[in-house]
Amino acid sequence: MRRALRPAGVAFLFPAIALLGGLILPGRAWSVTSPSLAVAAAATDSTAAVTDSTAAPSAASTVADTVRTPRKEFPHPDSTLVPRLRLGGYVIVFRHSVTDWAQRDTDGEHFEDRSAQRNLSKEGEAQAARIGKAIADLRIPIDTVLSSPMWRCRDTAQIAFGHHRAVPELFRRGLEYRAKRLALLGTEPEAGKDIVLVTHQDLLIPIVEGLRRDQLKEGDAFVVKPLGEGKFQIVAQVTPEDWERLAADSKAPAVPKNGKSLKPTKTRKTAKK
């Protein structure tokens, strides 16, 4: 009767086979790993991937960042948002307006060539115009407007606010540009002013905790309160429809509990003597 191999004998058998194979066929690579060692190796690789994605943001790193933190629901705008924005001190970060997905980005170096980029659709141009009108109607004091050098961001900024300046930190990846983005979000604007940034979701996912892909839709914005030293707080996620609703609410006459409008009543002119 054959005796069953003990567990310790099985564990010894795997490296022995690998060693023997190397002696018999020295020109051939052999890799035999026990199940426990394979699990440990996978865990090490996973940790390394997360570390690398933090050190050098890239297209792949955004995936690692979204997996690392659970999805977070950001506050919707409430009645206090517009009065706060009117006082200034906030950063409004937009994802560019609606684009034509039939186009593709084929060149990320020569920014002036529209034909090599995904551009705003007609719907996106109209959306940017509505956003700009609503914010103007709300009398929100916009100062500096910065955008990614890609045309979909530049057009969103120009159509909505009438001016913009393209900067690489709203498009480029890497530690240097990531630090500059954090500085933009963490630095309080000039007193009584708000600033606008128009960028891409891929650059926000790694630095906004809990943000998942397409959670910030085209045309959506984050209202950010800078806290200094590259830190910031998301005050609200605002959709294009939210801006229009807030503008409409600001124009509506106040109505008391009795249901009568508070519009001033016309008085008769005093007859001339």
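Here are some friendly notes on this predicted model, point by point.

1. Let's begin with the overall picture. The protein chain contains nine helices and six strands. It has 273 residues, and 38% of them count as buried. If you take contacts between residues at least 6 apart in sequence, 67% of them join residues at least 24 apart.

2. Strand E1, residues 91-95, is a good place to start looking. This strand is mostly covered, with five of its five residues buried. Cover is found on both faces: Val 91, Val 93 and Arg 95 are buried on one side, and Ile 92 and Phe 94 are buried on the other. You may want to display Arg 95 here, since this residue is one of those buried in E1 and also has a partner in the next point.

3. E1 pairs with two strands that run in opposite senses relative to it. With strand E4 (residues 194-199) the pairing is parallel and holds five bridges; within E4, Thr 199 stands opposite Arg 95. With strand E5 (residues 221-228) the pairing is antiparallel, through four bridges. There, Phe 94 has Ala 221 as its bridge partner.

4. The pairing carries on from E4 to strand E2, residues 142-147. E2 and E4 are parallel and share four bridges, and Val 145 stands opposite Val 196 in E4. E2 is also joined to strand E3 (residues 165-166) by two bridges, again in the parallel sense. In that pairing Leu 146 faces Arg 165 of E3. Following the bridges, you can therefore step from E5 to E1, on to E4, across to E2 and finally to E3, using the rule that two strands pair if there are at least two bridges between them.

5. Helix H5, residues 122-137, passes a simple geometry check. Its 16 residues should span 22 Å at 1.5 Å a residue, and the C-alpha atoms at its ends lie 23 Å apart, so the two values agree.

6. Which residues of H5 are buried? They are Gly 124, Gln 127, Ala 128, Ile 131, Gly 132, Ala 134 and Ile 135. Because these residues cover an arc of only 165° around the axis, they sit on the same side of H5. Lys 122 and Ala 136, on the other side of the helix, are exposed. The buried residues pack against E1, E2, helix H6 (151-161) and helix H9 (240-251). After the helix comes Arg 139, which has a positive phi, near 60°.

7. The loop between E1 and H5 holds Ala 102. Is this residue buried or exposed? Its relative accessibility is 71%, so Ala 102 counts as exposed, the cut-off for that being over 50%. Ala 102 and Arg 118 are 16 residues apart in sequence, while their C-alpha atoms are 7.9 Å apart in space.

8. Finally, a look at the pockets. The largest pocket has a volume of about 220 Å³. Its lining is made up of 13 residues, and those nearest the centre are Asp 105, Arg 152, Arg 173, His 200 and Asp 202. Helix H8, residues 201-204, supplies the largest share of that lining, with three residues.

Definitions and conventions. Residues are numbered from 1 along each chain as its sequence is written. This is a predicted model: local features need pLDDT of at least 70, side-chain atom pairs count only at pLDDT 80 or more; totals for chains, interfaces and linings use all residues. Side-chain values use heavy atoms; hydrogens and water are left out. Buried means under 20% relative accessible area, exposed over 50%, partly exposed in between (1.4 Å probe, protein chains only). The expected span of a helix is 1.5 Å times one less than its number of residues. The arc is that of the directions from the helix axis to the C-beta atoms. Contact means heavy atoms within 4.5 Å. On a 1 Å grid over the protein atoms alone, a cavity is a set of points where a 1.4 Å probe fits but cannot get out, and a pocket is an open set with protein on both sides within 12 Å along at least five of seven lines; lining residues have an atom within 4 Å of a point. Grid points are joined across faces, edges and corners, and a volume is the space filled by probe spheres set on the points.
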